[in-house]
Amino acid sequence: MNGFAAVLLAWTLMSPSSGGRGGEAAWPTHTACRNGNLQVLYQSCDPLQDFGFSIDQCSKQLKPNLSVRFGIILREDIRELFLDVALITKGSSVLNFSYPICEEDLPKFSFCGRRKGEQIYYAGPVDNLGLEIPQGEYQILFRLYNENHSTVACANASVICS
């Protein structure tokens, strides 16, 4: 995927731990979900803001309609919104994809079209393949960006499945 290199570069350059916040400490690591054998942690890689995210059902068996919650105050308008995802395990890229969340002619969510300074809060289902998470540790890089390729949010997540 062509965008993976851009996502990785953006994540590296914008990561608070690389000095993006003027030498301040990185954003805190948050728990998106945790149960006996699965833990999903994430940290914002945007040097200017953090955001909230949680997964309602924390299970090794991902359901096709995973229920999530996401909240952020926009620093950019979002006439269009896209998501890039990169899955990495043992230092190797396993899966990369891009997904249009808001398209100007096909808004999929009520927050599509929101303006800078407005809040997004989404609580609801997210379509996915529905699969069992294999045992291991995985890193997932997420980047939300608008039609001008301005970062709306980004995160480095760790998935630990035992």
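Below, a visitor asks about a predicted model and a guide answers.

Visitor: Which pLDDT does the predicted model need for local features?
Guide: Residues are numbered from 1 along each chain as its sequence is written, and side-chain values use heavy atoms, with hydrogens and water left out. In this predicted model, totals for chains, interfaces and linings use all residues, side-chain atom pairs count only at pLDDT 80 or more, and local features need pLDDT of at least 70.

Visitor: How many strands are there in the chain?
Guide: Helices (H or I, at least four residues) and strands (E, at least two) are DSSP runs, numbered from the N terminus. From that end the elements run α-β-β-β-β-β-β-β-β-β-β. The chain therefore has one helix, and its strands number 10.

Visitor: Which strands stand at the edges of the open sheet?
Guide: Two strands pair if DSSP finds at least two bridges between them. Seven strands form an open sheet with antiparallel pairing, in the order β1-β2-β10-β9-β5-β6-β7. Two of these have a single partner strand each, so one side of each is left without a neighbour in the sheet: β1 (30-34) and β7 (106-107).

Visitor: What is the bridge partner of Glu 103 in β7?
Guide: Strand β6 covers residues 92-103, and β6 pairs with β7 in the antiparallel sense over two bridges. The partner of Glu 103 in β7 is Leu 106.

Visitor: Which residue in β8 stands opposite Phe 70?
Guide: Strand β4 (residues 65-73) is joined to β3 (residues 52-55) by four bridges, running antiparallel, and Ser 54 has Arg 69 as its bridge partner in β4. Nine bridges join β4 to β8 (residues 119-127), also antiparallel. Opposite Phe 70, in β8, stands Tyr 122.

Visitor: Which strand supplies the largest share of the largest nonpolar core?
Guide: A nonpolar core is a set of buried Ala, Val, Leu, Ile, Met, Phe, Trp, Tyr and Cys residues joined through side-chain atoms within 4.5 Å. The largest one has 33 residues, and Leu 81, Phe 111 and Leu 144 touch the most other members. At least two residues each come from β1, β2 (38-44), β4, β5 (81-89), β6, β8, β9 (136-146) and β10 (151-161). The largest share, six residues, comes from β10.

Visitor: What percentage of the contacts between residues at least 6 apart in sequence join residues at least 24 apart?
Guide: Contact means heavy atoms within 4.5 Å. Leaving aside neighbours within four places in sequence, Leu 81 is in contact with residues including Tyr 99, Phe 111, Leu 144 and Val 152. Among contacts in the chain between residues at least 6 apart, those joining residues at least 24 apart make up 58%.

Visitor: Is Leu 74 buried or exposed?
Guide: Buried means under 20% relative accessible area, exposed over 50%, and partly exposed in between (1.4 Å probe, protein chains only). Leu 74 is found in the loop between β4 and β5, and among the residues it touches beyond four places away in sequence are Arg 114, Gly 117 and Ile 120. At 3% relative accessibility, Leu 74 counts as buried.

Visitor: Which residues does Pro 125 contact, leaving aside its neighbours within four places in sequence?
Guide: Pro 125 has its place in strand β8 and, at 47% relative accessibility, counts as partly exposed. Its C-alpha is 8.8 Å from that of Arg 69, although the two are 56 residues apart in sequence. Its contacts beyond the sequence neighbours are Asn 65, Leu 66 and Ser 67.

Visitor: What is the relative accessible area of Lys 90?
Guide: Lys 90 is found in the loop between β5 and β6. Its phi is near 50 degrees, a positive value in a residue other than glycine. Lys 90 is exposed, with a relative accessible area of 82%.

Visitor: Where does His 149 lie?
Guide: His 149 is not a glycine, yet it has a positive phi of about 65 degrees. With a relative accessible area of 56%, His 149 is exposed. It lies in the loop between β9 and β10.

Visitor: What percentage of the residues in the chain are buried?
Guide: The chain has 162 residues. Leu 74 counts as buried, whereas His 149 is exposed. Over the chain, the buried residues make up 38%.
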